[in-house]
Amino acid sequence: MLVALLPGDGIGPEVITQARRVLDALAIDGLVFEEALVGGAAYKATGHPLPADTLALAKRADAILFGAVGDPDCDALERHLRPEQAILGLRKELSLFANLRPATLFPELADASALRPEVASQIDMVIVRELNGDVYFGEKGMRKTATGKREGYDIMSYDEDEVRRIARVGFETAMARDKKLCSVDKANVLETSQLWRDVVIETHAEYPEVALSHMYVDNCAMQLVRNPGQFDVIVTGNLFGDILSDQASMCAGSIGMLPSASLDAAQKGLYEPIHGSAPDIAGQGKANPLATILSAAMMLRYSLGLPEQADRIEAAVAKALSGGARSPDLGGTHSTREMGDAVLAALT
Ligand SMILES: NC(=O)C1=CN([C@@H]2O[C@H](COP(=O)(O)OP(=O)(O)OC[C@H]3O[C@@H](n4cnc5c(N)ncnc54)[C@H](O)[C@@H]3O)[C@@H](O)[C@H]2O)C=CC1
Ligand SMILES: CC(C)CC(=O)C(=O)O
Ligand SMILES: [Mg+2]
């Protein structure tokens, strides 16, 4: 089993190092790693954020463990050369259309949430985010209006097949949990969202056991803070899912806690924390590696068929937290490496 390791930029390499230590400690027979440059690091070395070799490795691998991309030095580059194009390119090239972002509060972290502990303790949801379409992949550009003003544009669109396939992932995810699916859109304003809602309703006929509800995205942002316990599975588009999952992460303690799986139709996947390269703390040993370590657990479960090993990692993370391991984002002083040490010590 080949895992492509793509550490990327900023805190990406720091958190990937800790995930790799945990995977090594499991001593899984036949698991091999191959590392490659991606993002700003790749641009600086090769002139492209997603070099052909890196893409070829990602295609060849059984799974991809990804850190994060993004480098302030690259923010003025033409868009197609910016580090973020690497993760967008991987998602598109590998048809990773289904992004699962579980947001669960480890009970030990009730005090780390931005919400009151009795509200935060109810959080146990999965955000299913569409990852191959929407405004991120529509036609975009800069142009001049008739009166000579600069105008930026990004086209938002979904076709019905794109909505149907992610709706099915949402329903399937709900079937495996509490059978409650909330579809989040902005159908009161956007035609893209009206189609989204119509197709989700049509797809519901295939899953009559699931209780389906609909919510506008602005209300959803509010409800995530007011009463996050009401959500079981949320299915939504690329842009809304991006924003809502960062918000949900803070309700669950920290953005440094949320893992993700980005899957294609055959469960091949890229696994990454939901956060970015955090240039404000990069190189300081302050990054929380648990989101990446938990992403490695998702990789073992979804793409490598090793659910017991995934359980071992998740149990070790819970034990490390019970034992008091806290990086600064969780209100503590543990360094990135010490968080990794705590998980390693808790592995049984
Ligand atoms: N999938 C990816 O590779 C992503 C890349 N990005 C890129 O990352 C760069 C920085 O973006 P931001 O908007 O600042 O988002 P960010 O997620 O990198 O950071 C937001 C805030 O959360 C903190 N944070 C993030 N991860 C943390 C961790 N593991 N432990 C402790 N604190 C953590 C950061 O220090 C920062 O204050 C940009 O270039 C952006 O485009 C952003 C999101 C995802
Ligand atoms: C570079 C962004 C598109 C990535 C992001 O913010 C995310 O996937 O959460
Ligand atoms: Mg994001």
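This is a guided tour of a predicted model, with a suggestion at each stop of what to select next.

**The two domains**

Begin by colouring the protein chain in two parts, with domain 1 covering 1-102 + 258-348 and domain 2 covering 113-252. If you place a marker at the centre of each domain, taken over C-alpha atoms, the two markers will stand 24 Å apart. Where they touch, domain 1 contributes 14 residues to the contact and domain 2 contributes 18 residues. On the domain 1 side of this contact, select α4 (84-93) and β4 (98-104), each of which supplies at least two residues, and note that the largest share, five residues, comes from β4. Colouring that side of domain 1 by residue class will show eight nonpolar, three polar and three charged residues.

**The sheet**

Next, show the strands as a cartoon and follow the open sheet, whose ten strands run in the order β2-β1-β3-β12-β11-β4-β5-β10-β8-β9 with mixed pairing. Which strands stand at the edges? They are β2 (32-35) and β9 (211-216), and because each has a single partner strand, one side of each is left without a neighbour in the sheet. Looking along the sheet, you can follow a twist that averages 25° from one strand to the next. As a reminder while you display the backbone, strands of a sheet pair through backbone hydrogen bonds, in either the parallel or the antiparallel sense.

Now select strand β5 (residues 124-130), which is mostly covered, with six of its seven residues buried. β4 and β5 run antiparallel and are joined by seven bridges, and in this part of the sheet arginine 101 can be picked out opposite isoleucine 127 in β5. β5 also pairs with strand β10 (residues 233-236), here in the parallel sense and over four bridges, and valine 128 stands opposite valine 235 in β10.

From there, move to strand β11 (residues 259-263) and strand β12 (residues 269-273), which pair in the antiparallel sense over five bridges. Displaying proline 259 together with proline 273 shows a bridge pair, the latter residue lying in β12.

**Two helices across the strands**

Keep β8 (180-185) and β9 in view and add helix α7 (residues 191-204), which lies across both strands and runs at about 160° to β8. Then add helix α8 (residues 217-226), which also lies across β8 and β9, and which runs at about 105° to β9.

**The two ligands**

Select ligand 1 and the 21 residues around it, of which Gly70, Gly256, His275, Gly276 and Asn288 come nearest. By class, the shell around ligand 1 divides into eleven nonpolar, six polar and four charged residues.

Then turn to ligand 2, around which you will find Glu84, Ile87, Leu88, Asp242 and Ile274. Which helix gives the most to the shell around ligand 2? It is α4, with three residues, and this is the helix that you already selected on the side of domain 1 that touches domain 2. The shell around ligand 2 holds three nonpolar and two charged residues, and no polar ones.

**Three loop residues**

Finish with three residues in loops, starting with histidine 48, which is placed between α2 (40-46) and α3 (52-60). Histidine 48 counts as partly exposed because it has 17 C-beta neighbours inside 10 Å. Leaving aside neighbours within four places in sequence, histidine 48 is in contact with Ala42 and Tyr43. If you draw a C-alpha to C-alpha distance from histidine 48 to histidine 80, it will read 8.8 Å, although the two residues are 32 residues apart in sequence.

Next, select alanine 27, in the loop between α1 (12-26) and β2, where phi is near 50°, a positive value in a residue other than glycine. Is alanine 27 buried or exposed? With 8 C-beta neighbours inside 10 Å, alanine 27 counts as exposed.

The last stop is aspartate 134, in the loop between β5 and β6 (140-144). Phi of aspartate 134 is near 75°, again a positive value in a residue other than glycine, and with 24 C-beta neighbours inside 10 Å aspartate 134 counts as buried.

Terms used:
Residues numbered from 1 in each chain as written. Chains lettered and ligands numbered in written order. Predicted model: local features only at pLDDT ≥ 70, side-chain atom pairs only at ≥ 80, totals over all residues. Domains from an automatic or database assignment. Contact = placed C-beta atoms within 7 Å. Nonpolar A, V, L, I, M, F, W, Y, C, P; charged D, E, K, R; others polar. Near = placed C-beta within 6 Å. Pairing = 2+ DSSP bridges. Axes fitted to C-alpha atoms, helices over the stretch in contact; angles between N-to-C directions. Buried ≥ 20, exposed ≤ 12 C-beta atoms within 10 Å, placed from the backbone.
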